[in-house]
Amino acid sequence: MVKRLSVVDVDRCVGCQVCMFACSRRFSIGGLGKTTIHIKSAGGFEKGFVVVVCRACINPPCAKVCPTDALEFREGGGVVLKREKCIGCGNCADACPVGAIFWDEEINKPAVCVYCGLCADFCPYDVIALEEI
Amino acid sequence: MLDKTIAKVLFIDLTKRSFWVEVREELFNKYLGGAGVAINLLSEECPQGADPLGPNNVIVFAVGPLVNMFPMASKTAAFFKSPLTGNLGESYCGGRSAVALRSAGYGAIVIKGASETPVYIAVHGDNVHFRDAATYWGMRSTHGVGRIIRENEEGAGVRTIMRIGGAGEKLVRYSMVVTETYRHFGRLGLGAVFGSKKLKALVISGKKTFPVVNKTEYRKIYKEIYDKEVKSPLLQKYHELGTASNILVLNELGGLPTKNLKSTSFDAGENISGELLAEFYLGRRTACAHCPVACIHLATLREPYEDESYFYKTTWVSYDYEPLFSLGSMLGISNTQGVLKLMHEVELLGFDAMSVGVVLAWVTEAMETGLISTKETLDLKFSWGDYNAYIKAIKHIMNQPNEFYTYLAKGVEAAALKYGGLDFALAFGGNEMPGYHTGPAAIINHLTGARHSHLDSGGYSLDQKVLAKKVEMEFTPEKIAEKLFEEEAWRQVLSSLIVCFFARGVYTEDVVIKALNTMGYNFTENELKNIGSEMLKLKQKFKLREGFKPENLKIPKRALETTTPHGKIDEEIIREAVKAYFKKVQE
């Protein structure tokens with residue numbers, strides 16, 4: 001079955017961003033430059049946090065605006081990025097209504113969730129989970 | 001080192017409004033980062049005898065090689081010449097400061113000179129902007145200015161917004177710099193140094209990534225460290241009740257400074273305990289970036305407006321052990337909401353919570369003993385527990401409407417030198433005392449520690465461990481001095497990586513070595529210990545250069561009169577230990 005990340009309970013989020021580091025670490029690097037999940041405050045720490053991550057849409061808007069078909073529809077929902085086809089135009093990032101297409105500045109191409117669940121493995125408070133669509 | 005960006009030092013000159021980068025590989029190779037690098041940069045850049053509030057003082061921010069690589073390496077070191085003590089200023093902060101600074105592609109930032117007009121600096125990766133802060137100057141609330149900058153700058157989620165409030169602008173010698181609203185460079189007056197440079201805020205963000213030598217090994221060691229952190233019972237305690245859990249422990253032990261240290265147990269300790277706060281006020285727990293522990297505890301304070309029925313406001317107040325001591329037991333405040341209200345005001349205006357509490361405690365006793373009267377205080381009457389008077393007083397300390405409040409803004413020792421009451425002015429080396437009166441090791445730590453902070457060498461912890469027989473040692477002056485020096489030296493290594501001290505039980509020598517290996521650093525345990533000791537000596541050397549004299553250290557009589565869990569402390573023991581410690585510094 002096809003999987004995606006699900007925000008189980010955003011109110012449990014403490015904003016530690018360990019998930020973001022886990023995501024970047026799939027390339028065995030440190031830092032946040034390649035993360036495809038993003039945690040920010042909802043307007044100050046006291047307001048709680050917002051989890052921005054790909055929802056694996058059926059018929060995703062990001063793929064529809066890709067001029068080179070670098071973002072391919074994934075069966076069951078979501079997209080797969082074919083980097084070699086991508087020209088880095090940024091249309092996809094503009095089109096995503098939740099802002100879940102991130103930008104890898106080192107290669108000037110989008111950073112897109114691969115639905116691996118590494119972020120959820122490192123969430124200490126069960127905020128997110130990998131679930132079947 | 002594999003990653004060269006750590007060796008980049010961003011210099012910012014506020015006088016000339018210019019910036020440049022210098023690569024200091026030799027410095028970062030030898031001293032790792034953080035404290036070790038910062039003390040070198042401070043010694044180089046701050047001329048001897050510089051006025052701490054003049055343009056010649058410098059501010060050094062530094063991070064270390066473990067930041068952004070391993071969890072709980074989330075601290076930034078700030079080094080400067082302290083306007084409070086006149087020598088070493090050193091303070092640490094988490095929030096998102098460390099992750100942001102390193103992500104911007106630097107190991108350190110040095111801020112020099114002074115601006116003629118209010119300014120704030122935005123560092124976004126390679127770009128440095130000098131932004132006009134005329135509109136922000138005069139905003140007393142650290143919350144307000146943070147909120148506005150948040151809306152105007154990029155990098156939501158991966159940036160730090162360091163800023164000062166009214167106390168920093170008005171050069172209160174113990175004003176702080178706040179980041180991410182609830183974390184602080186609290187001690188030794190960094191806020192006033194910002195204020196003296198007309199620097200309202202510093203925003204930093206970036207998106208750099210960092211390579212490792214051995215990918216499999218990196219992921220394996222990361223997981224080991226992470227697992228230890230989420231499973232450690234000690235860290236669990238910091239997550240659950242937070243540092244406030246220590247209130248009842250210290251109170252029962254008889255080590256909680258109360259009413260200007262007239263006593264070490266507070267009869268209303270329960271009211272300011274972590275347990276009570278969690279049960280009735282805790283609204284949210286949050287974390288510094290890259291820390292699974294989430295020790296930041298925010299209380300919700302719901303208050304009615306008196307002029308209209310059913311009109312409420314809810315305020316979020318960050319609480320920890322230290323402000324609960326300094327603005328709670330130290331002032332004899334038994335009203336929980338009163339403590340929270342005072343704590344909130346202190347945070348808004350941007351004071352170091354510990355110092356301002358100790359100053360207010362001295363004021364209360366000075367009034368009690370008749371050294372000062374309502375003539376000096378502008379009609380404010382101080383008595384233990386009267387939090388409303390304290391809330392009014394801190395506004396006076398900020399604005400300094402008369403000579404008395406101007407002296408209060410200089411610190412408790414300066415005020416006592418002017419008005420009397422030195423015996424109960426609770427400062428060590430010019431820095432107001434922390435919340436531990438646990439025994440000889442704590443007092444020796446306060447006197448000898450390079451920044452006169454309880455975190456320098458953990459004397460309070462040694463006192464407690466010896467008491468509980470967790471550490472077997474001869475509790476003699478020489479042995480205590482030796483143990484504290486050794487601990488302080490190792491902590492320099494942690495402060496150079498930079499690891500939060502809460503994780504010091506996780507980042508043991510072997511773990512630090514393994515973690516560093518993954519990034520191409522090859523240190524042996526001995527080498528690390530030796531550079532720790534060297535860094536500590538460099539810090540003490542800077543202090544001596546700036547006029548610090550160990551033989552002139554004052555011990556407030558009160559600290560010797562009031563009993564500790566180890567009984568009353570003999571001055572001779574303290575003096576001998578101080579001598580032994582500084583002998584080790586000279587070795």
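**Exercise 1.** Leaving aside its neighbours within four places in sequence, with which residues is B:V293 in contact? Establish also where B:V293 lies in chain B and whether it counts as buried or exposed.

*Solution.* The structure is a predicted model.

Step 1. Locate the residue: B:V293 belongs to the loop that runs between β14 (282–286) and β15 (296–304) of chain B.

Step 2. List the contacts. Once neighbours within four places in sequence are set aside, B:V293 is in contact with B:E229, B:L235, B:Y238, B:H239, B:A287 and B:F502.

Step 3. Consider a separation along the chain. B:K237 is 56 residues from B:V293 in sequence, while the C-alpha atoms of the two are separated by 9.3 Å.

Step 4. Decide on burial. A residue is buried if 20 or more other C-beta atoms lie within 10 Å of its own. B:V293 has 27 other C-beta atoms within 10 Å and is therefore buried.

**Exercise 2.** Describe how helix α13 (residues 353–368) of chain B and helix α17 (residues 412–419) of chain B are arranged, and state which residues make the contact.

*Solution.* Step 1. Two packed helices are described by the angle between their axes and by the distance between the axes.

Step 2. The axes of α13(B) and α17(B) come within 9 Å and cross at roughly 20 degrees.

Step 3. Angles under 35 degrees count as roughly parallel. Therefore α13(B) and α17(B) are roughly parallel to each other.

Step 4. The crossing of α13(B) past α17(B) is right-handed.

Step 5. From α13(B), the contact is made by B:V358, B:V359, B:W362 and B:A366; from α17(B), by B:V412, B:A415, B:A416 and B:Y419. Sorted by character, the residues of this contact are eight nonpolar, no polar and no charged.

**Exercise 3.** Characterise the fold and dimensions of chain A, and then its contact with chain B.

*Solution.* Step 1. Chain A contains four helices and nine strands, and their order along the sequence is β-α-β-β-β-α-β-β-α-β-β-α-β.

Step 2. For 133 residues, a compact globule would have a radius of gyration near 14 Å; the value for chain A is 14 Å, so the two agree. The C-alpha trace of chain A spans about 40 × 30 × 30 Å along its principal axes.

Step 3. Of the 133 residues of chain A, 47% count as buried.

Step 4. The contact takes 26 residues from chain A and 34 residues from chain B. On the chain A side, α1 (18–24), β2 (30–31) and β3 (37–41) each supply at least two residues. The residues of that side divide into ten nonpolar, ten polar and six charged.

Definitions and conventions: Residues are numbered from 1 along each chain as its sequence is written. Chains are lettered from A and ligands numbered from 1 in the order in which they are written. This is a predicted model: local features need pLDDT of at least 70, side-chain atom pairs count only at pLDDT 80 or more; totals for chains, interfaces and linings use all residues. The radius of gyration is taken over C-alpha atoms; the globule rule is 2.2 Å times the number of residues to the power 0.38. A residue is buried if 20 or more other C-beta atoms lie within 10 Å of its own, exposed if 12 or fewer, and partly exposed in between; C-beta atoms are placed from the backbone. Axes are lines fitted to C-alpha atoms, for helices over the stretch in contact, and angles run from 0 to 180 degrees between N-to-C directions. Angles under 35 degrees count as roughly parallel, over 145 as roughly antiparallel, 65 to 115 as roughly perpendicular and the rest as oblique. A crossing is left-handed if the near helix is turned anticlockwise from the far one by less than a right angle, and right-handed if clockwise. Two residues are in contact if their C-beta atoms, placed from the backbone, lie within 7 Å. Ala, Val, Leu, Ile, Met, Phe, Trp, Tyr, Cys and Pro count as nonpolar, Asp, Glu, Lys and Arg as charged, and the others, Gly among them, as polar.
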